[in-house]
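Welcome! Here is a short tour for anyone opening this structure for the first time. Take a look at the picture, then read on.

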Amino acid sequence: MQVVEVTEFGGPEVLVPREAPDPVAGPGEVVVDVAAADVLWVETMVRRGLGGAYFPVTPPYVPGGAVVGHVRSVGDGVLTHWVGRVVAARTGGYGGYAERVVAPAAGLVPVPDGVELPAAAALLHDAVTALALFEGAGIGSGDRVLVVGASGGLGIVSVQLAKARGARVVAVARDERKLARIRELGADAVIDSETPDWVGQARAALGGSGADVVLDNVGGQVGEAAFATLAPGGRFSAHGTPSGRFAEVDPAEAERRGITVRGIGDVQLDDTALMRLTAEALAEAAAGRVVPVIGQTFPLVKAADAHAAIEARTVFGKTLLLV
Ligand SMILES: NC(=O)c1ccc[n+]([C@@H]2O[C@H](COP(=O)([O-])OP(=O)(O)OC[C@H]3O[C@@H](n4cnc5c(N)ncnc54)[C@H](OP(=O)(O)O)[C@@H]3O)[C@@H](O)[C@H]2O)c1
């Protein structure tokens, strides 16, 4: 079978297709014929050799933490009724950029009827994380939610979920075409982060005393500026780093304003939470409350092009590899 491997840390060109032996399911495992695998911004970061403290991996390795496909075979102790079923599967962090993967049967989540395979793959990280963020921040009807970095996979699902929960959503992004598409997806207002007074515009669009919740998908100075839009007693999630680092907020100021600050550690989910939220994300899609926005797809062997597009910031929504 074909896999795409990171041969050494570096630019997108280090993602190289190669032949690998067909995997065999061990006890408690299944082999999945992959239909689609999602590509994450963080995978471009790890490929560059950054984030080793959180992602201690050494090349050569095959990236990819989650796939959707058909169960091809099962190992000892796994019910044969899984064979042929369409499932979402987790690889344990690596191995998903492949024609076939081995995954623990205990972690499989059936994909409901009516949800296309690529749509399901688009939700496996972004919607699961968004649901965890929404649970953590307790986002509900009437909340004023500022989504920073709203053009990305996580940002778009967050806009959709916030609208589905009855919140008022102000989305911050850049690029006229991306802003227009986010508005079409339901944001009450869209703000261009490249205009000098975007924070003032965001405050005006939020109304009242500011945001109840800020979801920061970008980090750095943009995230820190967004912190200023929070109303007293608000909630801030600093889980984003594409700008180069997480947003840093002064704990004393947060305390003075009664703001709860959460971070990337709060969306590190154990297997039980991953399965529960994956099933919930797929159910949200089946019910039409979340409509995955697949901005671009690439054949598996063109994984390098997918990474290059993400790093060139030409992408919108979710990027997938199709097998
Ligand atoms: N997806 C998840 O499940 C998940 C889970 C935990 C944490 N996170 C973190 O959340 C963040 C967003 O993830 P994602 O999966 O949504 O990524 P994504 O789809 O690649 O979106 C990245 C977002 O960041 C913006 N961006 C890219 N490069 C930037 C830069 N140099 N400066 C400022 N903004 C930049 C993009 O907007 P432009 O249109 O302006 O390029 C886009 O809105 C990442 O830090 C990721 O590690 C994600």
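Strand β11, covering residues 211-216, pairs with strand β12, covering residues 230-238, and five bridges join the two in the parallel sense. Within this pair, A211 sits opposite L230 of β12. Please keep in mind that this is a predicted model. The notes below start from this pair and move out to the sheet, the domains, the ligand and a pair of helices.

**The sheet**

- β11 and β12 belong to an open sheet of six strands, with parallel pairing, in the order β10-β9-β8-β11-β12-β13.
- β10 (189-192) and β13 (260-263) are the edge strands; each has a single partner strand, so one side of each has no neighbour in the sheet.
- From one strand to the next, the twist averages 15 degrees.

**The two domains**

- The chain is divided into domain 1, made of 2-110 + 293-322, and domain 2, made of 126-267.
- Taken over C-alpha atoms, the centres of domain 1 and domain 2 are 29 Å apart.
- Contact between them involves five residues of domain 1 and nine residues of domain 2.
- On the side of domain 1 that touches domain 2, three residues are nonpolar, one is polar and one is charged.

**Around the ligand**

- Where does the ligand lie with respect to domain 1 and domain 2? Both domains give residues to the shell around the ligand, so the ligand lies between them.
- There are 27 residues around the ligand, and those that come nearest are W41, T129, G152, L154 and R313.
- The elements giving two or more residues to this shell are α1 (41-47), α3 and α4 (153-164).
- The helix that gives the most to the shell is α4, with three residues.
- By class, the shell around the ligand holds 10 nonpolar, 12 polar and five charged residues.

**Helices α3 and α9**

- α3, one of the elements that contribute to the ligand shell, spans residues 126-137 and packs against α9, which spans residues 271-286.
- The angle between these two helices is about 105 degrees, and their axes are 9 Å apart.
- Angles of 65 to 115 degrees count as roughly perpendicular, and α3 and α9 are therefore roughly perpendicular to each other.
- On the α3 side, the contact is made by A127, V128, L131 and A132, while α9 brings L274, L277, T278, E280, A281 and E284.
- Sorted by class, the contact of α3 with α9 has seven nonpolar residues, one polar residue and two charged residues.

Notes:
Residues numbered from 1 in each chain as written. Predicted model: local features only at pLDDT ≥ 70, side-chain atom pairs only at ≥ 80, totals over all residues. Axes fitted to C-alpha atoms, helices over the stretch in contact; angles between N-to-C directions. Helix = DSSP H or I, 4+ residues; strand = E, 2+ residues; numbered from the N terminus. Parallel < 35°, antiparallel > 145°, perpendicular 65-115°, else oblique. Contact = placed C-beta atoms within 7 Å. Nonpolar A, V, L, I, M, F, W, Y, C, P; charged D, E, K, R; others polar. Pairing = 2+ DSSP bridges. Near = placed C-beta within 6 Å. Domains from an automatic or database assignment.
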